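Grab a coffee and work through these exercises with the viewer open. Try each task before reading its solution.

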Amino acid sequence: MRRSDLGEFEEVVLLAVAALSPKAYSVVIAEELEQETGNSVSTGAVHAALQRLEQKGYLTSQLGEATAERGGRRKRLFTVTALGGRVLQEVRAVRNRLWDRILPNIRLEWS
Amino acid sequence: MIPPRFADRLLRLFCAPHLREEVLGDLHERYVLRVARLGVTKAQRRYWLDVLAYVRPSIIRRKPSEYSQPTNTDMLRNYLKITFRTLTRNKLYTTLNVAGLTFGVTCFLLIGLYLFDELTFDQQHSRSSRIYRAIQHKKTPTEDLTIAASSYKIGEESKKNIGEIENSARIVRTGRAYLSNPRNKNAFQETITFGNPGLLQLFDFEVIDGDRKSSLNEPNSIIIVEELAKRLFNSTQVVGKTVDFELDRPLKITAVLKNHPRNSSFDFKAIVSEATISGDDEFAAWISDWDSQNFMTFFLLKENANPDVAAAKITQLLNRNAKLAVGTSIQYNLQPLADIHLFSEDIVDGARNSNVEAMSRGAILYIKIFAIIALFVLLIACINYMNLATARASNRSKEIGVRKASGAFQSHLIHQFLTESLIVTAISFVLAIVLVNILLPAFNAFTNKELSLGFHTDYRIWLYTLLALAVTGVVSGSYPSFLLSKFSPLALLKNLKIQNKGSLSLRQGLVVFQFTISVVMMIATIVLFQQVRYANSKDLGFNKELMVVVDINSAKVRSGAETIRTEFSKIPTVKSVSVTSRVPGEWKSIPTVKIRPEGNTNEHSIAYLIGADENFAQTFDMKLLNGRNFGGMSDSSSILLNETAAKLLGVSEASGQLVEIPERAMGGSYSPLPSRQTFHARVIGIVKDFHFQSLREKIAPMVLAYQKNPVHTIDYFTSRIEGRDIPATLAKMSDVLTKIDQTHLLEYHFLDEQLARFYAEDQRRETLLIWVALATIFIACLGLFGLATYAAEQRIKEIGVRKVLGASVVNLTVLLSKDFLKLVLIANGIAFPLAWWATNKWLNEFAYHISVDWWVFVLSGASAIAIALLTVSYQAIKAALVNPVKSLRSE
């Protein structure tokens, strides 16, 4: 598996989809990310990331229900595929392993 | 709670359709959230930012369709293929179409080139849009003059005092003299033109040798054109050499200019620097006042300066400084350089001696007429195409039906037919360009221009040509394509004849239109021809045949005139000789004088004046009505009047009535006679009216003064000669002249040729009209031929049945020709009043003209009918002769 397949923003979006499942679509993801990070996140950026992830096979999507505030338009709901889940886990494992190797006294200096 | 609409519209524009729903939905939902959280203003701003964040390839890219999508080029290739197949299958129609269009386009291009040349006069100078010519309007109680001239002061002081004016240039044409090369004695009569240094600064005359800007700065310098340099020196590298121009001082050549292009109003061969004469007393007199008309002045205005404002300031400047007589007012305006050629009709060409010919100018009226004719010819060719294409619609109905049934849209069919017409037009244009290049040498000789159509031609011509091609293609293709593509496929495939009443009457209307124009042109040609012949053969009141007019070009010859006259009359082939200041049919300007009976205090009358001698009446075969002829030197203060002048002055019987002539005008303003004294004269005779101007003018009052008169000096010997051995007569005349003045060259004209030059332009127009008329008739006939062929094809079964039932060939021919003849008759009915109106309007330009005879109409109408009949009957007879078995055998 090539790591470079998953950019940092993509990783965050993918995680958000997993966290918000089964009601994950671009607006809630963008809102969620804004709240979590404090930076403004445009739906356009999220949308593009979702498209890329779907293309890579980490996500699937289907159209959901329409609501009034959307002007009667349907939303596209995303769910993480098994492949996507594995990639997430793998990324996390790599990070965990690296975290574990940081010496405690260095961690103390940071806090 | 509605987000910015414009942002939405923008998004719809770039966003791929299949993503539009979710994207817009997301945006709107988020907008609602943001309004609740941040307020409307902020939410709107963020909305915009969000929309812009969607500008990325993955959103813009359209979803690929699962069906194959033929590209435009595929369809184009198909159109082209079908076009070529159709064209090659119907060779006759293709030939007719291409031939008609080629002819039309050739006419159009030739006339177009001519018009382009006329309309781009004087625009070769890089700053031509900022150069203006000063025009003086002078109003006094007796005269109202508009002249292209100004005073020296106006030119110089305007440059200094008026902010709009950057620079000025001026010329003055003082007369004609021998320009000679002292080394080899080559000498030529040329116009003496003086110019200031500004002339070379304003205009971009191209220089072959010498300096372009400063060549007129020094005194005693002269610039000449290439062609004159070749004549004088056989070379163009002649800067530094000296020439003589009868100015009492040698002139040094400082520059050689390229020959003037044909579309330049400037036609000077040589310009002498103004500094050469600026020390002379005479020059000092010329430049002393403000209101004179001694120079033709050009102004270069600053960028974006308003010429009207500048002209108003010039007028103000004049009024501040000049002391005008009571009742006199002078006003200036500025004429753009580009307007000089075509818009100078009512402007006198000033600042020239009366024996210098005026600058040539064009007539905007004829430019307009020719432009209309060119468009008509092209239109007729287009109509041909339309007619043939619509007529053949039913032949192609199956093709169109099948195309429609297998899914072609109307637009596809329109495109196909347009492609077809564009291809035909393009082929015709290529052929026409070849044809134009073949015809151009003849056309140039005839129009006296240097037109060309090639790679080096002005890009604008090609641009217009391409535009014309596109428009012609679309115009000629539009009607058939829209008509043919309109029918329902069901009707087409059931093989119902396309019975479209509308298109039938339109087709007939188009034929009527074509023939109307053709007949009008025929009538116009005949009338023009008759009028020109009338003008050249009318009894002018004198006999113009076998008259040789010899110019007096030097003071020696002028003072020895009496000797020369006697010597001339001793030549056996010379019948009679007269000495005059001007001749009837004069090409230079004839001076006018103010005249009134002595003791009368009314305003003066205006009359032309020619100085003549006692042999004048005899030589010109002129009739003396009463009184007596000049008797000799004792009659130097006697005058003859023509009938018109006599009537004007109230003289019915010449009996020595006294008249006074205080002022004269040599093509400009009136000024006292050179002697500064009023000329008092006695009327001793009245001559019959004679045409001394073109027949466009009414006979004006004319005073014939004796050869030695204070108004105008003698300028010509006119001899009536015998028709045999004219070259020998001329050689003897030359000998006589050289005996008096060795350097004098014989410059002569034949009076009848000179008079014919008045109508040379008309003759040229006549020739052009003949060719255009022939072309339109030819094109119209091509169309008619095609339509007749088609009609015969369509009615082949009907003809077969009729034949079986006993119809004769004549019957059938009449049947087929009748329809077309009707159209030509209608065309005649429309053309006659139209032609009558147009020709009368043209004839009214002439004070003396023919009246249009009825037979002209009959002749033109009959020939149109005959030509149409010939065209149609060929096909009709052919169809009538076909064996009915052939046409009825198969269904």
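Below are three exercises on domains and contacts, each with a worked solution.

This is a predicted model, where local features need pLDDT of at least 70, side-chain atom pairs count only at pLDDT 80 or more, and totals for chains, interfaces and linings use all residues. Residues are numbered from 1 along each chain as its sequence is written, while chains are lettered from A and ligands numbered from 1 in the order in which they are written.

**Exercise 1.** Split chain B into its domains.

Solution. Start with the domain assignment (automatic or from a database): domain 1 is 5-60, domain 2 is 128-340, domain 3 is 365-534 + 760-888, and domain 4 is 547-754.

**Exercise 2.** Describe how domain 2 of chain B meets domain 4 of chain B.

Solution. First, the distance: their centres, taken over C-alpha atoms, are 32 Å apart. Next, count contacts (C-beta atoms, placed from the backbone, within 7 Å): domain 2 of chain B brings twelve residues and domain 4 of chain B brings ten. Then look at the strands (DSSP runs of E, at least two residues): on the domain 2 side, β2 (144-147), β3 (165-180) and β4 (187-195) of chain B each give two or more residues.

**Exercise 3.** Which elements of chain B give two or more residues to the side that touches chain A?

Solution. Begin with the count: 18 residues of chain B contact 18 residues of chain A. Now find the helices (DSSP runs of H or I, at least four residues): α2 (17-38) and α3 (40-53) of chain B are the ones you want. Finally, rank them: α2(B) gives the most, with twelve residues.

Conventions
Contact = placed C-beta atoms within 7 Å.
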